[in-house]
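Q: I am new to this structure and would like a close look at a single part of it. Please take the inside of the model and what surrounds it, and give one connected account.

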Amino acid sequence: MLQLRFIALIAALLWACGPVTAQELSVDVTEAEGEDFDQAIDAAVLAGATVTSLSLFWDDLEAAGGEYAPKDDWPTIANGYYPDKDLALTLSLSVIDTLADRRPEDLRGLAWDDPVVIRRFAKHLEQVFRRLEDVEIRAISIGNEVDGYLRKPADIRAFATFMNKARAQINRFRAGVPVGTKLTFGALKREPYSWSPLISQSDAVMVTYYPLKADFSVQSNDQVRQDLRQMLNFAARRPLYILEAGYPSEGCGAGQDGQLEFVQTLLDEAGQEKARIPLISLTWLSDIPDAQVEDYVSYYGVEFACFRSYLASLGLRDRTGLPKLAYEWLANR
């Protein structure tokens, strides 16, 4: 009888405390020089990652006219790879990628809520999710940093309609997985009400977060706590997914000490809000090569010197795979 009472007491205490919510760490994997992808994945896992990211560009997978004809069938490749690694994914369906419209060429120029666009994307989603049957997915973003491309209120409303239709379609394949769109924290901070049509059609608020000034020099890490509080205020009752977060380790006020402090502060502060922040993704695992930096500079059309140093030193390891202070801290937590 005493044993039964003890069990009942423990059960009551657990019920009163509510469910224990695990907060997951994701790392966006980039390979170091001389390293294969398996080795890079192992390094991300050593840093504590249980999730990584997969970005799929609509125009990479589908030709004009609606034929699914990718050069590299990344959904099929991912489906055959990640389950064996015991890694889940955050999935970005990059119909918009910051400044670029990534729809198939014959759809560009149409309104986002045009029935032709909505029907074609529904068909595209079926093609993608049929190939991702075995992968665990933690969150799905329709578009990446869409505030860089959507400027007019009418375009934002049209994209919100597109999102709503797509979210209903995705729910057929992945019921219960939160669907939203990635916005930069800067856009939410500057003009929060502009993005309410998108947030109203989202299961969660999804942000990218790089604490930088307008010239891409770094802000003080004292700002991180305040920024995180603002993100939670924007999210209100929705969960907050920080799907990219990074801090450079070189140039324009940055350094390895600052990168370490950023990672520590972000994870420690967010750790106090586990129920509201289910996942944080750090960008990137390793610094990228100079040629890739120049590709990004050309893609975004940004010529600030600090933009180059930011892109070149975002990794938790340098380009040879040598751990930086932030990586060492993560690996030894």
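A: A cavity, as the word is used here, is a set of grid points where a 1.4 Å probe fits but cannot get out, and its volume is the space filled by probe spheres set on those points. The model is a predicted one. Counting cavities of 30 Å³ or more gives two.

The second largest cavity holds about 30 Å³ of space. Its lining is made by Glu62, Gly66, Glu67, Tyr68, Lys123, His124 and Gln127. By class, three of these residues are charged, three are polar and one is nonpolar.

The largest cavity has a volume of about 40 Å³. Ala245, Gly246, Tyr247, Gln259, Phe262, Val263, Leu282, Thr283, Leu314 and Leu316 form its lining. Seven of these residues are nonpolar and three are polar, with no charged residue in the lining. Helix α10 gives the largest share, three residues.

The surroundings of the largest cavity can be followed from α10. This helix spans residues 256–270 and packs against helix α9, residues 223–235, at an angle of about 40 degrees, with the two axes 10 Å apart. Angles under 35 degrees would count as roughly parallel and those from 65 to 115 as roughly perpendicular; α9 and α10 are therefore oblique to each other. Their crossing is right-handed. On the α9 side the contact is made by Val224, Arg225 and Leu228, and on the α10 side by Phe262, Thr265, Leu266, Glu269 and Ala270. Five residues of this contact are nonpolar, two are charged and one is polar. Phe262 thus appears twice, in the contact with α9 and in the lining of the largest cavity.

Two loops in this part of the chain hold a residue with positive phi. Phe216 sits in the loop between β8 (205–209) and α9, and its phi is near 75 degrees, a positive value in a residue other than glycine. Cys252 sits in the loop between β9 (240–245) and α10. Although Cys252 is not a glycine, its phi is positive, at about 55 degrees.

Thr283, another residue of the cavity lining, is joined to Trp284 by a cis peptide bond with omega of about -10 degrees. Trp284 belongs to the loop between β10 (279–282) and α11.

That loop leads to the next helix pair. Helix α11 (residues 290–300) and helix α12 (residues 305–312) have axes that come within 10 Å and cross at roughly 130 degrees. That angle makes α11 oblique to α12. The crossing of this pair is right-handed. Val293, Glu294, Tyr296, Val297 and Tyr300 of α11 meet Phe307, Arg308, Leu311 and Ala312 of α12. Seven residues of the contact are nonpolar and two are charged, with no polar residue among them.

An open space can be set beside these closed ones. The second largest pocket contains about 160 Å³. Its lining consists of Asp101, Arg103, Arg108, Gly109, Leu110, Ala111, Trp112, Tyr149, Leu150, Asp155 and Ala158. Six of these residues are nonpolar, four are charged and one is polar. In the largest cavity, by contrast, no lining residue is charged.

Conventions
Residues are numbered from 1 along each chain as its sequence is written. This is a predicted model: local features need pLDDT of at least 70, side-chain atom pairs count only at pLDDT 80 or more; totals for chains, interfaces and linings use all residues. Side-chain values use heavy atoms; hydrogens and water are left out. Axes are lines fitted to C-alpha atoms, for helices over the stretch in contact, and angles run from 0 to 180 degrees between N-to-C directions. Helices (H or I, at least four residues) and strands (E, at least two) are DSSP runs, numbered from the N terminus. Angles under 35 degrees count as roughly parallel, over 145 as roughly antiparallel, 65 to 115 as roughly perpendicular and the rest as oblique. A crossing is left-handed if the near helix is turned anticlockwise from the far one by less than a right angle, and right-handed if clockwise. Contact means heavy atoms within 4.5 Å. Ala, Val, Leu, Ile, Met, Phe, Trp, Tyr, Cys and Pro count as nonpolar, Asp, Glu, Lys and Arg as charged, and the others, Gly among them, as polar. On a 1 Å grid over the protein atoms alone, a cavity is a set of points where a 1.4 Å probe fits but cannot get out, and a pocket is an open set with protein on both sides within 12 Å along at least five of seven lines; lining residues have an atom within 4 Å of a point.
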